[in-house]
Amino acid sequence: MFVELNSLINVSEKDPPKRKFILLSDSQNDGSFIIHHFLALYIKDDLFKNLFIIIAQQCKKSTSETQLAIDKNGKVTNKQISLVHGQNGTLVRASLHRAISELPQPCFKARLCAKPVIFFSNASFTLQPLYNRIKSTFENEKEPCLLVIDDLSCLLSIGIHVQNVIDFAHYCYSLMCCSTTMLNGCFVTLVHNDSDVEDEESLLLWKQLCHYSHMELHVRGLSSGYCKDVHGQLTITQRDQHRTKHHTRNLQFKILEKNVTFFAPGMSKAVL
């Protein structure tokens, strides 16, 4: 967990975000390190429950406490996390319904899926079974809990229609942030919005999720190109509960071995 980032987004490790949809996006950079920040934030307390759905990548060594919960081989070592991911990080075209039926029942104890989560694109395709499994994980949960999906953009790349992905995300948002029975949920997901690629579906997905989100953390590369001492830029956009007002802050960052440091543009120690 990156303590400095907590202060920038007004989050306390003793009081995780509640009824919030936090959108992570990246452009010509890798924003996945922020996913590990939120996972680490929730595994600090034994009472918190997490479901981590990995669509794009394997679990790997993190710069935060997450590496203590999920090792580099993708094995779960923390009882608070239920983990769902594709075999070797690879999505295989096949029946989603069959894959979902083979998943273990979610519970507080972490269980690693032996079978990959796999998808099939056809006219009758639906993500409803996956949503139903998510819903059953958090049903009537009273303590703070976190749903993390990494990343939704990959569903587009294997042929799933953008409206199906938007609907799925909206269901997840409604469950974690608007439920009348679960009052302490938080939904975090990552999408790609590369400025150098003309992709109408990715752009539409990103815009729709921005509309729902209470906070967006957008990671992008430097306009000047590679720099050894500045690894990228972070734009933090925070919206009120009704999404009628927003506040934006721009920062730069450098990823260290076990931490990330943030600073105002042009204020890197290397520059000064």
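This passage walks through the interior, the charged pairs, the surface and a few unusual backbone spots of a predicted model.

The interior is a good place to start. In soluble globular proteins, nonpolar side chains tend to be buried together. Here, the largest nonpolar core holds 36 residues, and the ones that touch the most other members are Ile 134, Leu 147 and Leu 152. Quite a list of elements gives two or more residues to this core: the strands β1 (20-27), β2 (49-54), β4 (145-150) and β5, along with the helices α5 (128-138), α6 (153-157), α7 (162-178) and α8. Helix α7 supplies the largest share, with ten residues.

Helix α2 also deserves a look. It spans residues 33-42, and because ten of its ten residues are buried, the helix is largely enclosed by the rest of the structure. Its buried residues include the aromatic-ring carriers Phe 33, Phe 38 and Tyr 42. Also buried in α2 are Ile 34, Ile 35, Leu 39, Ala 40 and Leu 41, and the pair His 36 and His 37 is buried there too.

Two cysteines come next, each sitting in a helix that gives residues to the core. Cys 154 belongs to helix α6. With a relative accessible area of 19%, Cys 154 counts as buried, because the cut-off for that label is under 20%. Its C-alpha atom lies 8.9 Å from that of His 192, and the two residues are 38 apart in sequence. Cys 178, by contrast, is part of helix α7 and is partly exposed, at 37% relative accessibility. Along the chain, Cys 178 and Lys 20 are 158 residues apart, yet their C-alpha atoms are separated by 9.0 Å.

What about charges? Side chains of opposite charge can pair when their charged atoms come close. The count of salt bridges in this model comes to two. One of them joins the side chains of Asp 15 and Lys 18, at 2.2 Å from N to O. Both partners are partly exposed: Asp 15 has 42% relative accessibility, and Lys 18 has a relative accessible area of 31%. The other bridge brings together Lys 254 and Asp 229, with 3.4 Å from N to O. This pair links distant parts of the chain, 25 residues apart, with Lys 254 in strand β8 (residues 246-255) and Asp 229 in the loop between β6 (215-220) and β7 (232-239). Partly exposed is again the label on each side, with relative accessible areas of 24% for Lys 254 and 23% for Asp 229.

On the surface, a negative patch is made up of Glu 198, Asp 199, Glu 200 and Glu 201. Glu 198 sits in the loop that runs between β5 (185-192) and α8 (200-212). Its relative accessible area is 85%, so Glu 198 counts as exposed, since that label applies over 50%.

That leaves the backbone. Most residues other than glycine have a negative phi, and most peptide bonds are trans. A few places in this model go the other way. The peptide bond from Asp 150 to Asp 151 is cis, with omega near -20°, and Asp 151 is placed in the loop between β4 and α6. Asn 10, which is not a glycine, has a positive phi near 60°. Asn 10 is located in the loop between α1 (3-8) and β1 and is exposed, at 64% relative accessibility. Although Asn 10 and Gln 238 are 228 residues apart in sequence, their C-alpha atoms are 9.9 Å apart in space. Gln 28 has a positive phi as well, near 55°. Its place is the loop between β1 and α2, where Gln 28 is partly exposed with 48% relative accessibility.

Terms used. Residues numbered from 1 in each chain as written. Predicted model: local features only at pLDDT ≥ 70, side-chain atom pairs only at ≥ 80, totals over all residues. Heavy atoms only, no water. Patch = residues over 30% accessible without salt bridge, like charges linked within 9 Å, V, L, I, M, F, W, Y side chains within 5 Å. Areas by Shrake-Rupley, 256 points an atom, 1.4 Å probe, with all protein chains shown as cover. Salt bridge = Lys/Arg side-chain N within 4 Å of Asp/Glu carboxyl O. Lys, Arg positive; Asp, Glu negative; His and termini not counted. Charge placed at Lys NZ, Arg CZ, Asp CG, Glu CD. Helix = DSSP H or I, 4+ residues; strand = E, 2+ residues; numbered from the N terminus. Buried < 20%, exposed > 50% of the residue type's maximum accessible area, 1.4 Å probe, protein only. Core = buried A, V, L, I, M, F, W, Y, C linked by side-chain atoms within 4.5 Å.
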